[in-house]
Amino acid sequence: MGSIVLFGPPGAGKGTQAQRIMDQTGLPQVSTGDMLRAAVKSGTPVGKEAKGYMERGELVPDQVILALIRDRIQEPDAANGVMFDGFPRTVPQAVALSEMTDISHVLAIDVPDGRIVERICGRATCGNCGTVYHDTFNPVPASGCPCGDYQEKRRADDNEGTVLNRLEAYHQQTSPLAAWYDERGVFHRVDGDRAIDEITTDLLAVLN
Ligand code: AMP
């Protein structure tokens, strides 16, 4: 198996499924969104450049993203492949990635537009362990997060105004990648509008 791409609109459940697939396959998750949020938080030059795009729900320029990825996949834990989450998001990013590493599977999590806003508004993450929750669809257990130290984190861009821009960016710039990867015989689509466990089962079945 080479590297995997988790593909789908914002709020499809890529981050949730990435954690589960990581537990099963040992492939490290490489989320450009997480990397950019860390860069914004620590005020690096990349963070300063990315901040405005992210707040508006627009894509950060390809060259910024590709520089991050180039560095990340040099790290020792990436030697046997990684699981990309939220990358690539444009055809030029996919072309550049194909020159850096082999992609064996693109796992597309399909969720209709009508479901995205409710999924994104209400989303929270445990800042301590990274588990993703949703106020309605996947609430924090009454006994608290299993890590024992729940620290609620909500993303600044998880609001109705930004979501519509993020969806538009997805349809205009990212969705053409489906055909691009399909032509290369690595594209697999899974219905993401179901229970979290059922989706995980289907995604793992594609990989096995
Ligand atoms: P995400 O956490 O994947 O939803 O990404 C959050 C935001 O980071 C996006 O709305 C973009 O502004 C930016 N971003 C993340 N990944 C990429 C990427 N591969 N290409 C361009 N922008 C990205």
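**Cysteines**

I began with Cys-145, which counts as buried at 5% relative accessibility. I noted at the outset that this is a predicted model, and I read every value below as computed from that model. How far is the sulfur of Cys-145 from the closest cysteine sulfur? I found that neighbour in Cys-129, at 3.5 Å, which is too far for a bond, because a disulfide would need the two sulfur atoms within 2.5 Å. I then searched the whole structure and found zero disulfides. I also looked up Cys-121, which is partly exposed at 26% relative accessibility.

**The sheet around E5**

I turned next to an open sheet of three strands, whose order is E6-E5-E7 and whose pairing is antiparallel. Its edge strands are E6 (132–134) and E7 (152–153), each of which pairs on one side only. I recalled that strands of a sheet pair through backbone hydrogen bonds, either parallel or antiparallel.

I went through the pairings one at a time. Strand E5 (residues 123–126) is joined to E6 by three bridges, and in that pairing I see Ala-124 opposite Tyr-133 and Arg-123 opposite His-134. The connection between E5 and E6 is a hairpin with five residues between the strands, and Gly-130 in the turn has a positive phi of about 90°. On the E7 side I count two bridges to E5, again with the strands antiparallel, and here Thr-125 stands opposite Lys-153.

**Helix H2**

Which residues of H2 are buried? I listed Thr-32, Gly-33, Leu-36 and Ala-39. These residues cover an arc of only 125° around the axis, and therefore they lie on the same side of H2. I followed that buried side outward and found that its residues pack against strand E2 (29–31), H3, H4 and strand E3 (83–85). The face turned away from the buried side carries the exposed residues Lys-41 and Ser-42. Just after the helix, Gly-43 takes a positive phi of about 70°.

I stayed with H2 (residues 32–42) for a charged pair, since Arg-37 and Asp-34 both lie in this helix, three residues apart, about one turn. An α-helix has 3.6 residues a turn, so residues three or four places apart point the same way. Arg-37 and Asp-34 form a salt bridge in which the closest N and O atoms are 2.8 Å apart. I checked the accessibility of both partners: Arg-37 is partly exposed, with a relative accessible area of 26%, and Asp-34 is likewise partly exposed, at 40%.

**Salt bridges elsewhere**

How many salt bridges does the structure hold? I obtained a count of 20 salt bridges. One of them joins the side chains of Asp-193 and Arg-115, at 3.1 Å from N to O. This pair links distant parts of the chain, 78 residues apart: Asp-193 is in the loop between strand E8 (187–191) and helix H9 (196–207), while Arg-115 is in helix H6 (residues 113–120). I found Asp-193 partly exposed, with a relative accessible area of 31%, and Arg-115 partly exposed as well, at 37%.

I also looked up Arg-154, whose side chain meets that of Glu-152 in a salt bridge at 3.3 Å, N to O; Arg-154 is partly exposed at 41% relative accessibility. Salt bridges that share partners join Arg-123, Arg-155, Asp-157, Asp-158 and Arg-166 into one network.

**Nonpolar cores**

My last entry concerns the largest nonpolar core, which has 30 residues, and in which Val-5, Phe-7, Ile-69, Phe-84, Leu-97, Val-106 and Tyr-181 touch the most other members. At least two residues of this core come from each of strand E1 (3–7), helix H3 (45–56), helix H4 (62–72), helix H5 (91–100), strand E4 (103–110) and helix H8 (176–183). Which element gives the largest share of this core? I found that H4 does, with five residues.

I took Phe-84 as a case to follow in detail and left aside its neighbours within four places in sequence; its remaining contacts include Ser-3, Val-5, Val-30, Ile-69, Leu-97 and Ile-103. A second, separate core has 19 residues, and I noted Ile-109, Ile-120, Val-163 and Leu-204 among them.

Technical notes:
Residues numbered from 1 in each chain as written. Predicted model: local features only at pLDDT ≥ 70, side-chain atom pairs only at ≥ 80, totals over all residues. Heavy atoms only, no water. Salt bridge = Lys/Arg side-chain N within 4 Å of Asp/Glu carboxyl O. Helix = DSSP H or I, 4+ residues; strand = E, 2+ residues; numbered from the N terminus. Buried < 20%, exposed > 50% of the residue type's maximum accessible area, 1.4 Å probe, protein only. Pairing = 2+ DSSP bridges. Core = buried A, V, L, I, M, F, W, Y, C linked by side-chain atoms within 4.5 Å. Contact = heavy atoms within 4.5 Å. Arc of directions from axis to C-beta.
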